[in-house]
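Visitor: I'd like a close look at just one part of this model: the empty space inside it. Please start there, then tell me what surrounds it.

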Protein chains: 2
Amino acid sequence: MSEGPPDGEPNLGLLCFIAYRAMESRVLDAVTAAGFADVTAAQGRVFARIGPNGTRLTELAEQARVTKQTAAFLVDQLERAGYVRRAPDPSDARARLVTITERGHAAIRVARGAEAEVEAEWTRHLGRQATSQLRRALTRLREITDPYQ
Amino acid sequence: MSEGPPDGEPNLGLLCFIAYRAMESRVLDAVTAAGFADVTAAQGRVFARIGPNGTRLTELAEQARVTKQTAAFLVDQLERAGYVRRAPDPSDARARLVTITERGHAAIRVARGAEAEVEAEWTRHLGRQATSQLRRALTRLREITDPYQ
DNA sequence: GATTATTGGTCAGAGGATCGTACCAAATTC
DNA sequence: GAATTTGGTACGATCCTCTGACCAATAATC
């Protein structure tokens, strides 16, 4: 009745970490190589949550699972580097919407390309069906692991 | 042709990150609650790679994917907190083997229990077959994402 | 409408994690 | 025996993250 990992094998969390780490470093390398040399992984994790019409800082913080101070710290850097802009939120005078600039969109295009390339490699290695099962399983897992899905 | 991240599904790397993060925080909470209050996630990642007969610092660093300085920094803390010990390596006078103390083994037992509990929850949510497919897929992915598997 | 509580955000300070550079001593190679 | 590699340490810098305290605008309550 034991469901844990086989003896000596890493658990599912560590397996996920290894894959995530590989994807992140590949994407970051590609973005850096494309001339966006000042981006860090932490900035990217916040950046990736910004919606098309802008997103509030608190919401970014919740989704990226960091405090709002940390999110503000990272958004400051992204703003100074020209990837995002802060605009007043028309519906709330306290809030400001973080939006993506043209330079930000250019970086996103590179990141998307690198992601697709890595996913293609993974698909070649695992096969098409196993990959789509993997995606389905991880997506369903979000239902119980990601309160802000 | 919109590139806004929220449109479209997150990539496999991000999905892995979400699951990994959930596992890590659950395990860390359990270890902390069991009285091992001074352990951090980074320490745990190095700690988890120590073999039954002790492991050299450089090897820990490679496997955990950090520099040897970082590994040394973390092992220092683990040693001060009583989880590991450094013993001379009989086969090489330069090297020292990092080994796990009794307190370290006690912490491992708690961590293993928490891991198993989380994996059981995931299995309940996904079903037994999908979970074992997930484990198989992630394990195969290691072949191309983890040089030190 | 006035008071209270909540929410979005900032500021200041601290600690942890990670790296690059430089260096030493033991081991290995030539 | 000299040159190179390998295991490890020391120092300094940077980045990331959190706590705690605080402010101003909004929402809820009376």
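**The cavity and its surroundings**

Guide: Okay, the space itself: the largest cavity has a volume of about 110 Å³. Keep in mind as we go that this is a predicted model. With the cut-off set at 30 Å³ or more, the count comes to 1 cavity.

Now for the walls. From chain A, the lining takes in A:R45, A:R49, A:Q63, A:A64, A:R65 and A:D146. Chain B adds B:L14, B:F17, B:I18 and B:R21, so both chains have a hand in it. Sorted by class, that lining is 4 nonpolar, 1 polar and 5 charged residues. As for secondary structure, α3 of chain A and α1 (12-33) of chain B each put in at least two residues. The largest share belongs to α1(B), with 4 residues.

Let's step back to how the two chains sit together. Lay chain B on chain A and you get an RMSD of 0.1 Å, using a turn of 180° and a shift of 0.0 Å along the axis. The two copies are thus related as by a two-fold rotation axis. They also use the same surface, with 89% of the contact residues of chain B turning up again in chain A. If you want a landmark for the axis, go to B:C16: its C-alpha, at 2.4 Å, comes closest among the residues of chain B.

On to the DNA, beginning with strand C. There are 23 residues around DNA strand C, and the closest are A:T58, A:K68, A:R94, B:T40 and B:Q69. Of the strand C atoms that come within 4 Å of the protein, 58% belong to sugar and phosphate. The bases get some attention too: a polar side-chain atom of A:K68 sits 2.3 Å from a base nitrogen of DNA strand C. Out on the backbone, A:R96 has a polar side-chain atom 2.8 Å from a phosphate oxygen of that strand, and for B:Q77 the distance to a phosphate oxygen is 3.3 Å.

Which elements build that surface? Chain A offers α3 (57-64) and α4 (68-80), while chain B offers α2 (41-47) and α4 (68-80), each with at least two residues. The helix α3 of chain A is one you have met before, in the lining of the largest cavity. For DNA strand C, though, the largest share is 5 residues from α4(B). The class split reads 8 nonpolar, 7 polar and 8 charged residues.

Turn to DNA strand D and the chain letters swap over. Here A:T40, A:Q69, B:T58, B:K68 and B:R94 come nearest, out of 23 residues around the strand. Sugar and phosphate make up 59% of the strand D atoms within 4 Å of the protein. The side chain of A:T40 has an N or O atom 2.5 Å from a phosphate oxygen of DNA strand D. A:Q69 places a polar side-chain atom 2.5 Å from a base oxygen, and A:Q77 has one 3.5 Å from a phosphate oxygen. The elements giving two or more residues here are α2 (41-47) and α4 of chain A, along with α3 (57-64) and α4 of chain B. The top contributor is α4(A), with 5 residues, and by class the surface near DNA strand D divides into 8 nonpolar, 7 polar and 8 charged.

Note on methods
Residues are numbered from 1 along each chain as its sequence is written. Chains are lettered from A and ligands numbered from 1 in the order in which they are written. This is a predicted model: local features need pLDDT of at least 70, side-chain atom pairs count only at pLDDT 80 or more; totals for chains, interfaces and linings use all residues. Side-chain values use heavy atoms; hydrogens and water are left out. A residue is near a molecule or strand if one of its heavy atoms lies within 4 Å of it. A polar contact is a pair of N or O atoms within 3.5 Å; within protein, one must be able to donate a hydrogen and the other to accept it, and residues adjacent in sequence count only if both atoms are side-chain atoms. Ala, Val, Leu, Ile, Met, Phe, Trp, Tyr, Cys and Pro count as nonpolar, Asp, Glu, Lys and Arg as charged, and the others, Gly among them, as polar. On a 1 Å grid over the protein atoms alone, a cavity is a set of points where a 1.4 Å probe fits but cannot get out, and a pocket is an open set with protein on both sides within 12 Å along at least five of seven lines; lining residues have an atom within 4 Å of a point. Grid points are joined across faces, edges and corners, and a volume is the space filled by probe spheres set on the points. Copies are superposed by least squares on the C-alpha atoms of residues with pLDDT of at least 70 in both. Contact means heavy atoms within 4.5 Å.
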